Amino acid sequence: MQSPRHETGPPDLTTPEGFGAFYEDHIDAVLGFVTRRVADPHLAANLTADIFLAAMGSAGTYRGHRGAPVAWLFGIARNILSGHARGRARESGALARLSGRRLLDDEDVAALEERIDAQRAFRDLAERHAALSEPLRAALDLVVLDQLTPAEAAQALGVTQATVRVRLHRARRALRAPGSVNESQLEAAR
């Protein structure tokens, strides 16, 4: 998934203008990533904000030559979502959510609920492919649902491209088993 802006070189995330443009370019991709995994609109908004706060905090570590910005963001997003699922950093997350953020109004909630409803088919499908191991699901989700290349998925997962390709092969083979979800159903749920 490419950024709509066709800049020369990596974006300068260390300036307010650069990070603002980066945010505008990638907010829909990150919000889509989160809403495919979370059903509560307030939680989806908070986690998306946490992802961009973490990206802002680690902007100095971004290296554009190592891969697409969205792969870097999805790596951060996976870490944020994993931390949330394990219950880590709830206290610091609550403080971060309260500081400097506006409350969602009814229109914001309605827009997020619409986005979540649009992802309902994916969540139902995700339950059916839950039998896959986490590494297989992670590789499959990043490539099929989030439209990263295997190289970008490898970057986000912190593994080699060959490892991602093996995981994809195994996941697809497992999903082709009788009575399981097929890849065209995964594509349709996007």
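What share of the 190 residues in the chain is buried? In this predicted model, buried residues make up 40% of the chain. The accessible surface comes to about 10600 Å², and carbon and sulfur atoms account for 52% of that area. As for secondary structure, the chain has 10 helices and 0 strands, so there's not much suspense in the pattern along the sequence, which reads α-α-α-α-α-α-α-α-α-α. Turning to contacts between residues at least 6 apart in sequence, 63% of them join residues at least 24 apart.

Next come the helix pairs. Two packed helices are described by the angle between their axes and the distance between the axes. Take helix H1 (residues 16-35) and helix H3 (residues 69-86): their axes come within 10 Å and cross at roughly 45°. That angle falls outside the 65 to 115 degrees that counts as roughly perpendicular, and it is not under 35 degrees either, so H1 and H3 are oblique to each other. The crossing of this pair is right-handed. On the H1 side, the contact is made by Phe22, His26, Ala29, Val30 and Phe33. Facing them in H3 are Pro69, Val70, Trp72, Leu73, Phe74, Ala77, Arg78 and Leu81. Sorted by type, the residues of this contact come out as 11 nonpolar, 1 polar and 1 charged.

A second pair is formed by helix H2 (residues 41-57) and helix H5 (residues 106-118), which pack at an angle of about 95° with their axes 9 Å apart. Because angles of 65 to 115 degrees count as roughly perpendicular, H2 is roughly perpendicular to H5. Here H2 brings in Pro41, His42 and Ala45, while H5 supplies Val109, Leu112, Glu113 and Ile116. The contact of H2 with H5 divides into 5 nonpolar residues, 1 polar and 1 charged.

Then there is helix H8 (residues 150-157), where 6 of the 8 residues are buried, so the helix is largely enclosed by the rest of the structure. The buried set consists of Pro150, Glu152, Ala153, Ala154, Ala156 and Leu157. And what covers these residues? The cover includes H3, helix H7 (134-145) and helix H9 (161-175). H3 thus turns up both in the contact with H1 and in the cover of H8. Just after H8 comes Gly158, with a positive phi near 75°.

Note on methods:
Residues are numbered from 1 along each chain as its sequence is written. This is a predicted model: local features need pLDDT of at least 70, side-chain atom pairs count only at pLDDT 80 or more; totals for chains, interfaces and linings use all residues. Side-chain values use heavy atoms; hydrogens and water are left out. Axes are lines fitted to C-alpha atoms, for helices over the stretch in contact, and angles run from 0 to 180 degrees between N-to-C directions. Helices (H or I, at least four residues) and strands (E, at least two) are DSSP runs, numbered from the N terminus. Angles under 35 degrees count as roughly parallel, over 145 as roughly antiparallel, 65 to 115 as roughly perpendicular and the rest as oblique. Contact means heavy atoms within 4.5 Å. Ala, Val, Leu, Ile, Met, Phe, Trp, Tyr, Cys and Pro count as nonpolar, Asp, Glu, Lys and Arg as charged, and the others, Gly among them, as polar. A crossing is left-handed if the near helix is turned anticlockwise from the far one by less than a right angle, and right-handed if clockwise. Buried means under 20% relative accessible area, exposed over 50%, partly exposed in between (1.4 Å probe, protein chains only). Accessible areas come from the Shrake-Rupley method with a 1.4 Å probe; for residues, only the protein chains shown count as cover.
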